[in-house]
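Reader: I should like to learn how to read a structure of this kind. Could you take me through it, one feature at a time?

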Amino acid sequence: MIAALEFESIKQAAKHFSPLPSLSAVMSFSGKYQLESQENFEPFMKAIGLPDELIQKGKDIKSVSEIEENGDNFKVTVTTGSKVLVNTFTIGQEAELETVTGEKVKAVVQRDGNKLKVSLKGIESVTELVDSLTIVNTMTVGGIVYKRTSKRI
């Protein structure tokens, strides 16, 4: 009986404390990230129809991505040399997004924990916040997987 009463008083006291954050807590994407490495850049860009001259110009540029996250609203600005690509969207709602080739496409971005997922004209894109300093963006088209790893700056 005493043990049951002690347990009840502990349960009551515990209501006044906030739970510890989960290790799998969702992190914020907000911040600036610089491209560190990329795999399969040229084959992917050829597959989506980017001209060879632009592929050669872009392959060694360390792009900078700035992500602003406010609840479910996102603004993503990617600066590659003199080209600036800006996309704004709300998770789960259709938005007009500009692709790497400059095309505007309607799509819905979904969030799954620390991943943002979207399908743009046959390109599957997953952007994952791996840890507080690293974002990995993987784009797949026709069996070609293009992987970009960026670090917070």
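Author: Certainly. Let us begin with the interior of this predicted model. The largest nonpolar core has 19 residues, and F29, I67, F74, F89, L97, V109 and L116 have the most contacts inside it. At least two residues of this core come from each of β3, β4, β5, β6 (104-108) and β8 (115-120). There is also a second, separate core of 10 residues, which includes M45, I55, M139 and Y146.

Reader: Which residues is F29 in contact with, leaving aside its neighbours within four places in sequence?

Author: With that restriction, F29 is in contact with I67, E69, F74, R111, N114, K115, L116, T127, E128, L129 and I135. Of these, I67, F74 and L116 are also named among the residues with the most contacts inside the largest core.

Reader: What is the overall make-up of the protein chain, and in what pattern does it run?

Author: The protein chain holds three helices and 11 strands. Along the sequence they follow the pattern α-β-α-α-β-β-β-β-β-β-β-β-β-β. Of the 153 residues, 31% are buried. Among the contacts with a separation of 6 or more, 39% join residues 24 or more positions apart.

Reader: How many strands does the open sheet have, and what is their order?

Author: The open sheet has nine strands in the order β4-β3-β2-β1-β11-β10-β9-β8-β7, and the pairing is antiparallel. Its edge strands, β4 (83-90) and β7 (110-112), each pair on one side only. On average, neighbouring strands of this sheet are turned by 25 degrees against each other, with direction ignored.

Reader: Which bridges join the strands from β1 through to β4?

Author: Let us take the pairs in turn. Strand β1 (residues 31-39) runs antiparallel to strand β2 (residues 64-70), and four bridges join them. Here G31 has I67 as its bridge partner in β2. Next, β2 and β3 pair over seven bridges, again in the antiparallel sense. I67 has a bridge partner in β3 as well, namely V76. Finally, eight bridges join β3 (residues 73-80) to β4, also antiparallel; there, K75 is partnered by T88 of β4.

Reader: Where does a residue take a positive phi in the hairpin of β2 and β3?

Author: That residue is G71, with a phi near 65 degrees; the hairpin has two residues between its strands. A further hairpin is formed by β7 and β8, also with two residues between them, and G113 in its turn has a positive phi of about 65 degrees. In the hairpin of β8 and β9, with two residues between the strands, K121 takes a positive phi near 45 degrees.

Reader: What joins β8 to the strands on either side?

Author: Three bridges join β7 to β8, and the two run antiparallel. In this pair, D112 has K115 of β8 as its bridge partner. With strand β9 (residues 123-131), β8 pairs over six bridges in the antiparallel sense; K117 is partnered there by V126 of β9.

Reader: Which way do the side chains of β8 point?

Author: The general idea is that side chains in a regular strand alternate between the two faces of the sheet. Strand β8 shows this alternation: L116, V118 and L120 point to one face and are buried. K115, K117 and S119 point to the other face and are not buried.

Reader: Why does E98 count as buried?

Author: E98 counts as buried because its relative accessibility is 18%, and the cut-off for a buried residue is under 20%. This residue is found in strand β5 (residues 94-98). Leaving aside neighbours within four places in sequence, E98 is in contact with K83, L85, N87, E103 and K104.

Reader: What pLDDT does the protein chain average, and where is the pLDDT below 50?

Author: The average is 86, and 84% of the residues score at least 70. Over residues 16-24, however, the pLDDT is below 50, and this stretch has zero contacts in the model beyond near neighbours in sequence. As a general rule, predicted coordinates should not be read in detail where pLDDT is low.

Reader: Which domain does UniProt list for residues 31-48?

Author: The UniProt record, an unreviewed entry, lists "domain: Cytosolic fatty-acid binding proteins" for these residues. In the model, the span is 39% helix and 50% strand, and its end C-alpha atoms lie 28 Å apart.

Definitions and conventions. Residues numbered from 1 in each chain as written. Predicted model: local features only at pLDDT ≥ 70, side-chain atom pairs only at ≥ 80, totals over all residues. Heavy atoms only, no water. UniProt positions renumbered as here; feature names shortened; annotations may be inferred. Pairing = 2+ DSSP bridges. Axes fitted to C-alpha atoms, helices over the stretch in contact; angles between N-to-C directions. Buried < 20%, exposed > 50% of the residue type's maximum accessible area, 1.4 Å probe, protein only. Contact = heavy atoms within 4.5 Å. Core = buried A, V, L, I, M, F, W, Y, C linked by side-chain atoms within 4.5 Å. pLDDT = per-residue confidence, 0-100.
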